[in-house]
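User: I'd like to take a close look at a single part of a protein. Could you walk me through it slowly, since I'm still new to this?

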Amino acid sequence: MACQTYPIVLLEAHNIRNLSYGLGVFNFELLKALSKANTDFRLKINMVDPSLMPFFDSPLVEFHRYNSFQRHSIAWIGTKMNIWHSLSQDLKVEPFHDVNYVLTIHDVINHNNKKYKKRLEEKIRRATAITYISKFAQEDTHRYFNVGSHVKESVIYNGNTITSFLDTSNFQPIEAAKVPFLYAIGDFQERKNFHSLVEMMRVNSDFNLIISGKSENDYARKIRSMIDAYRLNDRVFLTGVVSEMGKQYYMSHASAFLFPSTEEGFGLPIIEAMQFGKPVFLSTLTCLPEIGGTDAYYFENFDPEYMNERLISGLHHFSENQESLEQKMKARASQFSWDRAANEYLDVYRDILR
């Protein structure tokens, strides 16, 4: 069959512009998996950064370089497609005509923002199908929005971005990693709750704490002020954004991975840390128990004394059962695959066009 007879799926991937951000990673990893899948579709990818195009090398993939005019739906008049897939609920780019419309919802954290809510209500109204990255994201959407009975819904979990281990022997970590340390990574946003970890370090004298992520905003400045005020400069460290090698080094050498987020749609770093067989300590809020499973450790509140006691008791339990628990962590991580996710998205497209 000639390529031009294949159904066309246009994937709106504007968020791929920032690969240090969860949505950027989602766009990049899913599109990479879709481009190598055994697909019966032509994929048109609307994206910002042309330097990423070689990662999606396939005769059935073509690219539209994003420009500011495309923020107006009239720009899409005459563009041929059978399905438009909006890869995030917060995208402002929309097709001009009614078309089979797939919407992926990661979270509805901003549901109280009137402009955001109105835009998302319109997306949900026009959706043929909605995919969610967790059951919690689906439940939260139904809590705040009316999803019509005509909409096909499915939960498609994200994959594990760490599919191979890098040689980190030449990586130069910060000095804090020379002694036992705890590790956290993520965007510096209030909901990531990194400040609770800094509070906990006031009563913990056994470890250093290393936090990675883009740390050039008001929340990061708040964290630095806390570190100064509590005189923790020699025990709590912010690395800024780290390379893939750096992330793997810190995850593989940490005593534990900490992710006390209060609002989360999925939480990719959790399964990345599990890939290394590490104990993970999570909050009990939003989707985290769904992703972490029964063998993760959980903070039920953020009192510093309680968090420290939970950490110490969890690490003691892990050390007593280390071999079996390491295998359980790795087995849990292996359940999340981008190839599996790509095939499930392709099934959504096929179901729409039947």
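What covers the buried residues of α9?

Analyst: Quick housekeeping before we dive in. This is a predicted model, where local features need pLDDT of at least 70 and side-chain atom pairs count only at pLDDT 80 or more, while totals for chains, interfaces and linings use all residues. Residues are numbered from 1 along each chain as its sequence is written, and side-chain values use heavy atoms, with hydrogens and water left out.

Now to your question. The cover over the buried residues of α9 includes β8 (181-185), α4 (194-201), β11 (256-259), β12 (280-283), β13 (297-299) and α10 (322-334). Those labels count from the N terminus, and they are DSSP runs: H or I over at least four residues for a helix, E over at least two for a strand. "Buried" means under 20% relative accessible area, "exposed" means over 50%, and partly exposed sits in between (1.4 Å probe, protein chains only).

So which residues are being covered? In α9 the buried ones are Met307, Asn308, Leu311, Gly314, Leu315 and Phe318. Look down the axis of α9 and these fall within an arc of 135 degrees, so they line one face of the helix; the arc is taken from the directions running from the helix axis to the C-beta atoms. Over on the other side of α9, Glu309 and Glu320 are exposed.

What about the helix itself? α9 covers residues 304-320, which is 17 residues, and its first and last C-alpha are 24 Å apart, close to the 24 Å expected at 1.5 Å a residue. That expected span is 1.5 Å times one less than the number of residues. At the N-terminal end, Asp303 acts as a cap: one of its side-chain oxygens is 3.2 Å from the backbone nitrogen of Glu305.

For contrast, try helix α7 (residues 268-275). Eight of its eight residues are buried, so α7 is largely enclosed by the rest of the structure. Among them are Leu268, Glu272 and Gln275. After α7 comes Gly277, with a positive phi near 75 degrees.

A strand can hide a residue too. Thr104 sits in strand β5 (residues 100-105), and it counts as buried because its relative accessibility is 0%. Skipping neighbours within four places in sequence, Thr104 is in contact (heavy atoms within 4.5 Å) with residues including Phe26, His85 and Tyr345.

Zooming out, the chain has eleven helices and 13 strands, and 53% of its 354 residues count as buried.

Notes
A polar contact is a pair of N or O atoms within 3.5 Å; within protein, one must be able to donate a hydrogen and the other to accept it, and residues adjacent in sequence count only if both atoms are side-chain atoms.
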